[in-house]
Structure formats: structure tokens, C-alpha cells
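Trainee: Please take one part of this model and go through it closely. I would like a connected account, with the surroundings of that part included.

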Amino acid sequence: RFASQQSPVSRFLQTPYAGALISIILVALFLAFTQPVFATWANAMNIVRSNSVVFILALGATCVVIAGAIDLSVASLTAACSMVYGLLMVAGLPALPALLLIVAFGALLGAINGYFISYLKISYLVVTLGTLSIYQSFALILNSGTSISVFSFEAFKPLYAFVNGNIGPIPVLLLLDAVLLLILGGTLKYTGLGRAIFAIGSNREAARLNGINVPLVVMGVFIIAGLMAGIGSLVQIGRLTSAAADVDPTVLMTVLAAVLIGGTAFTGGEGGVFGTMIGVLFLGVVQNGLTLSGVSSFWQGMVSGSILIFAVWLGGVRQILRRKRHAGRS
């Protein structure tokens, strides 16, 4: 009855991603007036393309964080998948089998993370910090630390055309992002697996007592994260036309920042992929605005790090306020 008495504006302001969405609008309006090129369709689609890999990785990370864990290995896992794809191209594997194998390989690496965490009862921080180094070393070992150019391979051309193609004025990557968003959003909201993920993140022991197979579900979210890393690696290769062994040190931070800015609580049990989309857009708009304004890349990392700290702090404040509201109603 209390919720029904609230206005739509009040209900919106209580959503976890309201602050990020309002911030995007304000920053976008400021940039539209100060940097005219910002408001063009071409620049908007450039933001979509340049942040697509982060968005795909963040979708998987959202499921992990909702379940009450964090995957620190996602960037290294992506690099490992990229290098395996490069070697498959060198070996002459056809396009479709190579794509399927990379997605499956990403899921396998995610399953390894999940197995150690779920069934061997090792802390997710210890496991994913360890596999961060293991997967990075694996990527470097595969080709002695050097990148593999795949542009000249015939089997790479379908992936290149897909990643860089358009349907009318709309990039295919935007459609891919939308499909993945709908699939994972629907899974979290309308399926038993999604409800189990939220239940485990809220109270793992209570979820177990209610008959949820906690180890299997936790392993499942890490497999989802691995799947997304495999897909993200293919998008990255399609954009760069090469498989890179080096891990971008900012990717992990950007992924986690997007998840937290989007309202997914780092303590688990709350959040969603729609909020993550808002978080990715916010970071993308800020980075794009800094670039258009001529701000040095040295300062951009400082801005991103500050935003991450602020997002974690804001999440904590939001949880305190929510507990106070619930206590007041009772």
C-alpha cells in the first residue's frame, strides 16, 4: 500500500540506477553544448562500438556480483580466449567452428573458476586473483607474448564483417548488445536460475535451506561470466583485427565500476543488467567527453578510479537508507 501511494518520480528516484541515469543526462547536455560533435549520431555509435567489449564483460560480471562474488580474472580470461582464436586461425580452422570453440573455451575457464569456488570452498577472491595471473600467463605463453594478426585469414572475414557491419545506420554490435541484454535480463528476472542467483546473493544459508543447489548455481554464474568473456574476446578481435596477449589494466576496473554504478550491490542480492547498461553508458560518455575535450589520457584513469570509489560508497549509503526505510515501515 505504501509503494502504491508513491508517485512515479519517487519510485524512479529509489531505483538503484537513478543517480547514474540522471548523471548521464546532465553530462550529455553539458557536452552537447560545449562539444558540438558529441551530439552527432556518428559519435554516439562510436561510444557504442568502443564500449561494447566492456558491456559484454559487465553483463557476465553482473550475474557474479548479484550472487555475492567478484570475478577478478575476466580481463585475463578474455586475453586467453583471444590468443586461442588467433592460433585457431593460424591452424586453418573454419570460421564457425572457431567461433563456437572460443565461446566454449571461455565457458570452460569460467567453469574452472566456479569449480574451485563452489566445490573446493576456496574464496572467490583467492581463486580469481590466482586465475588472473594464470590466464594472463597462458595467453603470453601461447605465442611468446606477441600478438597474432588475423586480418589476412579468410576464416576471420565473417567475424570482421559482423563486428564492424551496420544494418542501415545501426551497428550490428548494438543489436548484439541488445540481444545479450535481453537474454540475461530475462534469465535474471523470469527464470528459476535468476531467482536462485538473487537468493544466494541475499542470504546463502537461507537459499540452501530452501532447497537451492548453491554450489551449482555459483558455478553457473562463473560459467556465464566465461561465456561473456569468450564473446567479448571475439568482438575485441573483430575490432582490432589481431589477437593480443597483453591485458588492458583498465578493463577490469571499468567493468566493475560499470556494474557498481549501475546499482548492483557489491554485497550481492541486488541489481540487474539494465542498471549495468546505464553504468557502461555513463563511463563511456564520460570517457568520450574527456577525449573530445582534449583531456590527457593520464587524467582519464584518475577520473575512472574516482568514479569507482564513489560508486562503492554510494552503494553502501543506498543500503543503509534502504534498511532504515524498512525499519521505519515495520
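Mentor: What follows starts from one helix and its adjoining loop, and then moves outward to the rest of the chain. The model is predicted.

The part I have chosen is helix 3, which spans residues 41–50. Within helix 3, the residues Asn43, Met45, Ile47 and Val48 are buried. The cover over these buried residues includes helix 4, strand 3 (170–171), helix 9 (172–190) and helix 14 (273–292). Asn51 lies in the loop that runs between helix 3 and helix 4. Asn51 counts as buried because its relative accessibility is 9%, and the cut-off for buried is under 20%. Setting aside neighbours within four places in sequence, the contacts of Asn51 are with Val280, Gly284 and Gln287.

Beyond that loop comes helix 4 (residues 52–66), which leads to the internal space of the model. Helix 4 contributes the most to the lining of the largest cavity, namely four residues. The full lining consists of Leu57, Ala61, Val64, Val65, Ile70, Asp71, Val74, Ala225 and Leu256. The volume of this largest cavity is about 40 Å³, and the chain has two cavities of 30 Å³ or more.

The surface offers a contrast in topic. A nonpolar patch there is formed by Leu108, Ile112, Tyr115, Phe116, Tyr119, Leu120, Ile122, Val126 and Leu216, which together have about 790 Å² of accessible area. Helix 6 (residues 95–118) supplies the largest share of the patch, with four residues. Ile122, one of the patch residues, sits in the loop between helix 6 and helix 7 (124–142). Ile122 counts as partly exposed because its relative accessibility is 32%.

The charged pairs can be taken next. The count of salt bridges is two. In one of them, Glu205 pairs with Arg208, and the closest N and O atoms are 2.4 Å apart. Glu205 and Arg208 are three residues apart in helix 11 (residues 204–209), so about one helical turn separates them. In general, an α-helix has 3.6 residues a turn, so residues three or four places apart point the same way. Glu205 is partly exposed, at a relative accessible area of 41%, and Arg208 is also partly exposed, at 46%. The other salt bridge joins the side chains of Lys157 and Glu154, with an N to O distance of 3.2 Å. Lys157 is partly exposed at 43% relative accessibility, whereas Glu154 is exposed, with a relative accessible area of 58%.

Last, the setting of these parts in the chain as a whole. The secondary structure amounts to 15 helices and four strands. Of the 330 residues in the chain, 46% are buried. Among contacts with a separation of 6 or more, 78% are between residues 24 or more positions apart. The chain exposes about 15,800 Å², and carbon and sulfur atoms supply 71% of that area.

To return to the starting point, helix 3 has buried residues whose cover includes helix 4 and helix 14, and the loop residue Asn51 is itself buried.

Key:
Residues are numbered from 1 along each chain as its sequence is written. This is a predicted model: local features need pLDDT of at least 70, side-chain atom pairs count only at pLDDT 80 or more; totals for chains, interfaces and linings use all residues. Side-chain values use heavy atoms; hydrogens and water are left out. A salt bridge is a side-chain nitrogen of Lys or Arg within 4 Å of a carboxyl oxygen of Asp or Glu. Buried means under 20% relative accessible area, exposed over 50%, partly exposed in between (1.4 Å probe, protein chains only). Helices (H or I, at least four residues) and strands (E, at least two) are DSSP runs, numbered from the N terminus. Patches are made of residues with over 30% relative accessible area and no salt bridge: like charges are joined within 9 Å, nonpolar side chains (Val, Leu, Ile, Met, Phe, Trp, Tyr) within 5 Å. Accessible areas come from the Shrake-Rupley method with a 1.4 Å probe; for residues, only the protein chains shown count as cover. Contact means heavy atoms within 4.5 Å. On a 1 Å grid over the protein atoms alone, a cavity is a set of points where a 1.4 Å probe fits but cannot get out, and a pocket is an open set with protein on both sides within 12 Å along at least five of seven lines; lining residues have an atom within 4 Å of a point. Grid points are joined across faces, edges and corners, and a volume is the space filled by probe spheres set on the points.
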